[in-house]
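Biologist: I should like to go through some labels assigned in this structure and ask what justifies each of them. Please show the sequence and the structure before we begin.

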Amino acid sequence: MTRPHRGPGLPGASVAPRAVPQGGFGHHANVPPGERLRVLLVEDDEGDAFLVGELLAETNANIDLLVAASLSEARQRVTGVDCVLLDLGLPDAQGLDGLRRVVEMASGAAVCVLTGRSDEHLGIVAVAEGAQDYLVKGQVDGVLLARALRYAVERKRADENARRLREVELRQAESARLERGLLPQPLMTTDQVSVHTFYRPGRHAALIGGDFYDVVQTRPDRIDLIVGDVCGHGVDEAALGVELRVAWRALVLAGVPDDEVLPALEQVLMSERRLQEIFATVATTRLDLAADRATVRLAGHPPPLLLSGGKVAPVPARGGLLLGVRPRPPVAFDLEFDTDDWSLLMYTDGLIEGRVGAGDDRLDVPGLTDLLADPANQAVSLPELPGWLVGRAEQLNGGPLADDVAMLLVTRGDGR
């Protein structure tokens, strides 16, 4: 075979350089049909460039071929191409240096390199440096060339998908560690009462949602508890819930007067929320263990349930206004415990908003009261009771609950 140019080249007849033809699938294509590819050939030898186009045209390869004679010209034409077919011997870039520059400037495109017979080892090294494949001049026919280009494109896409998947997995793992760190650890040392917590976010695959809870002991005989719910289920609501919880803990530990804690918390909400429509509901309880009594404050939140003497009843505290709607301090309700055996269940409305049966009826506070009064739960230990309640609520709902659920179950004595 005689050639009008130097060095070993692609197989084909001796021809004079002319415009590079474009490939296209016909009814008897040798390459399986697929999407049309845009390939940029970076080759300074016009004869080799012409022969590449001839090979693709002969196989009806469904490939649009662009040609650049140098790396600087390739930089201007690389936008939108699916694959770069790169000669490693260019006037402005030699060997792997040219490959590295192409990989950098064509980050979204596959790269397939062309080498001479004596430089085949460079092709192997090129793949290790970021190319998807390599071809040896003089050992390529049209079908192999078209398949190699498509393989390079598919391998690039697979590599990109694997990289994106890994990035998502790393972000999810990082978010999971962060969310676990945001769940509170009750700040309590007394053994006069036990506190059992439960948390389940409504967001799929999340660990924390807009609901929050906390427990703080400020004196040997005094414990403060809070359960709250920021409207919404997203990351912003979860972050706001954490801010409110941390602010409440700081206010309690700082000894802020009881009637000023929730108004101060409302100021935090109104300054940190991203939309004026965002509000929160809150229930707080201060336990006086020496006097065996509690003070309950509600801001638009469902009331705690008291378990005592084999009976279950909602604490008759006034509901109060939502935080963030119209500032007004909640009214305190004093609760006297008749015995030393009682439990107080504080929860968010995600637990009681599930449906009951096929209609539109909700579980609500009366339904939750009935569940707790059911003799069947006597066999459930107090630490497992919150999870048991969620399971029963989901059975009645016919599936998982849509909203976040947070619960605090504080128990003294036998708890029932």
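**Labels and their cut-offs**

Biologist: Why is Glu160 called buried?

Modeller: Glu160 has a relative accessibility of 19%. Buried means under 20% relative accessible area, exposed over 50%, and partly exposed in between, with a 1.4 Å probe and protein chains only; Glu160 therefore counts as buried. As to the basis, this is a predicted model, in which local features need pLDDT of at least 70 and side-chain atom pairs count only at pLDDT 80 or more, while totals for chains, interfaces and linings use all residues. Residues are numbered from 1 along each chain as its sequence is written, and side-chain values use heavy atoms, with hydrogens and water left out.

Biologist: What makes the pair Glu160 and Arg163 a salt bridge?

Modeller: A salt bridge is a side-chain nitrogen of Lys or Arg within 4 Å of a carboxyl oxygen of Asp or Glu. The closest N and O atoms of Glu160 and Arg163 are 2.7 Å apart, so the pair satisfies the definition. Both residues lie in helix α5 (residues 142-182), three residues apart, about one turn of the helix. Helices (H or I, at least four residues) and strands (E, at least two) are DSSP runs, numbered from the N terminus. Arg163, at 36% relative accessibility, counts as partly exposed.

Biologist: Which residues are linked with Glu160 and Arg163 in a network of salt bridges?

Modeller: The network also contains Lys156, Arg164 and Glu167.

Biologist: How do you know that Glu169 and Arg166 form a salt bridge?

Modeller: Their closest N and O atoms are 3.8 Å apart, so the pair falls within the cut-off for a salt bridge. Glu169, at 38%, is partly exposed, and Arg166, at 48%, is also partly exposed.

Biologist: What is the distance between the closest N and O atoms of Asp258 and Arg286?

Modeller: That distance is 2.2 Å, and the two residues form a salt bridge. The pair links distant parts of the chain, with Asp258 in helix α7 (residues 258-272) and Arg286 in strand β11 (residues 280-288), 28 residues apart.

Biologist: Are Asp258 and Arg286 buried or partly exposed?

Modeller: Asp258 has 32% relative accessibility and so counts as partly exposed, whereas Arg286, at 13%, is buried.

Biologist: How many salt bridges does a search of the whole structure find?

Modeller: The search finds 25 salt bridges.
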